[in-house]
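Please look over the model displayed here, and keep it in view while reading the short report that accompanies it.

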Amino acid sequence: MHQEYTIIEGDFVNAGKASSSVKKTLKQLDVNPSVVKRVVVALYEAEVNAIAHAYGGKVLVDIDEDKIHMVVADKGPGIPDIAQAMQEGYSTARPEVRDMGFGAGMGLPNMQKNVDKLDVKSTVGVGTTVEMEVNFS
Amino acid sequence: MTLREIVDSLEATVHLGEGNLDTEVSHAFASDLMSEVLTLSDTPLLITGLCNMQTIRTCDMANIDQILLVRNKKPTDEMLELAEDNDMTIISCRYSMFKTCGILFQKGLLPLY
């Protein structure tokens, strides 16, 4: 099953819409609730990051029998040092992102904690692609 | 303690979930930082001063269905609509986060950590 969602720059009101929709789909597919939570927490953090830091992008979701594969690809400033961005507490978030309850440098670490595979690729001045996979069992 | 006892202790307003007030609540977590809420493995009552759509979205992702807004924050219609879709209870009180937590801790509500 393939699903696609569009992310609009600065659209904080709708941050999490894709994650909400994926949650509903996984519940309908009777996926273990603790696995569903790991998936949606990671995807939600990725969505918020793309809205907060980039100029728009896409969420691509592929659900198989035994796993979910998610790609959050944005057009944006990119991440100059991915290792530094992965450190808990490191943040470049603007004040408006903090006003939304995010921007404390926990997004990428939260994603890493909840998924089985995480791959972050970024080109400065072009954008960032976050690829995540979670096994259902 | 029940949600109703929490409402009474704080002279709180119930915005959504009037029918859920007899639900027992054992634990609470207080934070304005939603990334922190997303790290929880349990589903406590969330005490927060953050009052926007992300409060509701975060609780949806974290499977939390009881939200207590402090510092006189009031949910918007848009927040209530999304919260209703997810069968949440939203209450608010005029006290600060510290005072709210102090009152509820004294009444026996437990912390997660």
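The report goes through a sheet, a pair of helices and two loop residues of this predicted model.

## The sheet of chain A

In chain A, five strands form an open sheet in which the pairing is antiparallel and the order is S1-S2-S3-S5-S4. Strand S1, covering residues 2-7, and strand S4, covering residues 117-123, are the edge strands of chain A, since each of them pairs on one side only. Averaged over the sheet and with direction ignored, neighbouring strands are turned by 10° against each other.

At one of these edges, S4(A) runs antiparallel to strand S5 of chain A, residues 127-135, and the two strands are joined by seven bridges. Within S5(A), the residue that stands opposite A:Lys117 is A:Glu133. A helix also belongs to this picture: helix H1 of chain A, residues 17-28, packs on the sheet and touches S1, strand S2 (57-63) and strand S3 (67-75) of chain A. The direction of H1 makes about 165° with that of S1(A).

## Two helices from two chains

Two packed helices are described by the angle between their axes and by the distance between the axes. Here, helix H2 of chain A (residues 33-53) and helix H3 of chain B (residues 53-61) have axes that come within 9 Å and cross at roughly 150°. Because angles over 145 degrees count as roughly antiparallel, H2(A) is described as roughly antiparallel to H3(B).

On the side of H2(A), the contact is made by A:Lys37, A:Val40, A:Val41 and A:Tyr44, while H3(B) contributes B:Gln54, B:Arg57, B:Thr58 and B:Met61. When the residues of this contact are divided by character, four are nonpolar, two are polar and two are charged.

## Two loop residues with positive phi

Most residues other than glycine have a negative phi. B:Asn72, although not a glycine, has a positive phi of about 65°, and its place is in the loop between strand S4 (66-69) and helix H4 (77-85) of chain B. With a relative accessible area of 46%, B:Asn72 is partly exposed.

B:Asp87 is likewise a residue other than glycine with a positive phi, in this case near 55°. The loop that holds B:Asp87 lies between H4 and strand S5 (89-92) of chain B. Is B:Asp87 buried or exposed? Its relative accessibility is 57%, and because a value over 50% counts as exposed, B:Asp87 is placed in the exposed class.

Methods:
Residues numbered from 1 in each chain as written. Chains lettered and ligands numbered in written order. Predicted model: local features only at pLDDT ≥ 70, side-chain atom pairs only at ≥ 80, totals over all residues. Heavy atoms only, no water. Axes fitted to C-alpha atoms, helices over the stretch in contact; angles between N-to-C directions. Helix = DSSP H or I, 4+ residues; strand = E, 2+ residues; numbered from the N terminus. Parallel < 35°, antiparallel > 145°, perpendicular 65-115°, else oblique. Contact = heavy atoms within 4.5 Å. Nonpolar A, V, L, I, M, F, W, Y, C, P; charged D, E, K, R; others polar. Pairing = 2+ DSSP bridges. Buried < 20%, exposed > 50% of the residue type's maximum accessible area, 1.4 Å probe, protein only.
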